[in-house]
Amino acid sequence: MAVAELDAEQLLSLEEESQWRVVLRQFLRHRLAVFGLIVITIFVLSAIFAPLITPYDPTRIEMAKRNLPPLTEGHWLGTDELGRDMLARLLYAGRISLFVGFTVTILSITIGTIVGAVSGYYGGIVDSILMRIVDFMLTLPTLPILLVVSAIFGGGNVWLIIVVLVVFGWMGTSRLVRGMVLSLKEQEFIEAERAMGASTPRIIFMHLLPNSFAPIIVAASLEVGGVIITEAALSFLGFGIAPPTPTWGQMLQNVQADMWTAPWKAFFPGFFIFMTSLSFNFIGDGLRDALDPRLKI
Amino acid sequence: MTTYLIRRIIQSTLVLIISSAAIYALLNAVPGGPFSGLRIAGAGDKKSQVTQQDIERMEQMLGLRDENGNPIPLHVRYINWLSKAIRGDWGKSWAVAQGQDVSFLLKSRLTNTILLMTSATIISLIVAIPAGIYSAVHQYSKFDYILTTFTFFGIAMPVFWFGLMLIILFAFKFQEWGLPYFPTGDVISLRAPRPGSLLYLLGAEPGSLTDRLVHLILPSLVLSLLYMAGWSRYMRSSMLEVLRSDYVRTARAKGLSERVVILKHALRNALIPIVTIIVFQIPGIFGGAVLTETVFNWKGIGRLYVDALSRSDWPVVMAYLFISAILVVFANLLADILYTFVDPRIRYS
């Protein structure tokens, strides 16, 4: 009897395993995605708790300790041309770079989702106007445009860079969501909902968007890495976030002058950018496999 | 098809005019430009060498004021600019090469950019197309996994950092280890190569063909790896889609050998996206690679653009953006037209 009971319980519990448990199990099976998640967690935590990890102030200038190589005088990753501790700068820069990455992604995904949902749901003239705008913005040469806009509105302010990156970053999501909504809105359950007199916002927010969740979340995780690289590129060229606020890209801005004598200054910031971006791509890949392997993103 | 093209050309022209007007207005609205510093100096100090008249005269020279010294309104200036621009007269540079014609400046940089971009494009295509096809045909094989991993690295890699790392390795570390080392950047050497360098070993005179080729290696390698990552992935998914299609199944069902199925039936359709790759590369071939050119101090168009931006040389910036926009629009149209030839399934109305 005991054995039979156990079997029944197991069977029941298997049946009751929620969709999210399945997704989580699938995700954890993807080794690279788990690796990515661990790396990102470490980066985020070390950025938040930076003062507990390193005793150094990232802006404190010590001319006597210029360009120390890694592992000297208590500076694990060395110092820069002004004697500032590299590790401290990397961790505090991580705060800005990760904050920009997450904020831009959340905002541009939100805008893209709203535009895509409205465009796909209403169709007609609204759709063609919105999609013409999207088409046009997608043809713009991204980096030159971002550069000129940052140069015009300059100042190197964090929020300004965020706004610029969002304004030129929402189009991909809107196309994606529009496609999802177009195919979903013809399905029976939406028609049933409409027949029962559901309001348009209810249909969009309760049915269409939750059902488009999988591709949106995959696109979002792939986008974070791209945003961080773009911000780094802008700051590297001197059109991004201005000193003294350090970001990973900006730390690479003037390294070429003494790269021969202090190559670590060029290595570490870029390595952090690369690892972050790689990890988010792995996570996105894992999420796609876990949520819906047929997705083409 | 003709009506479709005419409609597209009219649409594109409107878009070009509106967007160039927007950028022109923005650039003119910014505090900055070549004499904002002068103006501040003149305002603060009565005895300053620069008087209001000087500034007005300079503004007159730059076309901001008419002969009588009255400021020209923005929209008139834009129309003047546009009517000259479409005839190829982009005005004179303000800062990067003061007083020089922008068109001359662009032309002088064009050769370097075309050289870098075409070599990177050709190398990437030669590698990416077979790699993508092979990994699709052998999906889930070891090669496929290696290519997928490589693609991930390529997408996640910040180009400028990759460039810096190559310079550290091939120029600095190689020199340290006594290996024939590469130049750190530039298009050609300015003085005779130093003993121990790769250029010295090859006996390359500054400005000779060998000299140019050696300088080309690292930047084109950086760009090629970047393009390869994207393009091989693209070719792979294109081939996978074709392999899953009904007519490939039909070909297999007819009993054709796998070789014939892949080479004669699948490959021809899987290669269609190459049109997209090449056509959309056109704006890049003329516009250059902003980041790579900056890292390697490659005197091309992309580098010129960054220099012009950081020194508020708006005529150069305007010219660059306008030409890029025209090329992008042209590439889009060209892709649409070419697709009707290579893929008869596509019809426009």
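The legends below describe close-up views of a predicted model, covering the contact between chain A and chain B and a patch on chain A.

**View 1. The contact between chain B and chain A in the predicted model.** Chain A contributes 35 residues to this contact, and chain B likewise contributes 35 residues. Between them the two chains bury about 3,300 Å², of which 85% lies on carbon and sulfur atoms. On the side of chain B, Phe152(B), Phe160(B) and Trp161(B) supply 19% of the area that this chain buries against chain A, which is more than any other three residues supply.

**View 2. Polar contacts and contributing helices at the contact of chain B with chain A.** Five residue pairs, both members at pLDDT 80 or more, are in polar contact between the chains, whereas the count of salt bridges between them is zero. The elements of chain B that each give two or more residues to the side touching chain A are α1 (2-29), α6 (142-156), α7 (159-176), α13 (290-295), α14 (301-310) and α15 (314-342). Of these, α7(B) gives the most, with eight residues. By residue class, the side of chain B that touches chain A divides into 28 nonpolar, six polar and one charged.

**View 3. A nonpolar patch on the surface of chain A.** The patch is formed by Leu45(A), Ile48(A), Phe49(A), Leu52(A) and Ile53(A), which together have about 500 Å² of accessible area. Two helices of chain A, α3 (31-48) and α4 (50-53), each supply at least two residues of this nonpolar patch, and Leu45(A) is found in helix α3 of that chain.

Conventions. Residues numbered from 1 in each chain as written. Chains lettered and ligands numbered in written order. Predicted model: local features only at pLDDT ≥ 70, side-chain atom pairs only at ≥ 80, totals over all residues. Heavy atoms only, no water. Contact = heavy atoms within 4.5 Å. Buried area = accessible area lost by both parts, 1.4 Å probe. Salt bridge = Lys/Arg side-chain N within 4 Å of Asp/Glu carboxyl O. Polar contact = N/O pair within 3.5 Å; in protein donor to acceptor, adjacent residues only side chain to side chain. Helix = DSSP H or I, 4+ residues; strand = E, 2+ residues; numbered from the N terminus. Nonpolar A, V, L, I, M, F, W, Y, C, P; charged D, E, K, R; others polar. Patch = residues over 30% accessible without salt bridge, like charges linked within 9 Å, V, L, I, M, F, W, Y side chains within 5 Å. Areas by Shrake-Rupley, 256 points an atom, 1.4 Å probe, with all protein chains shown as cover.
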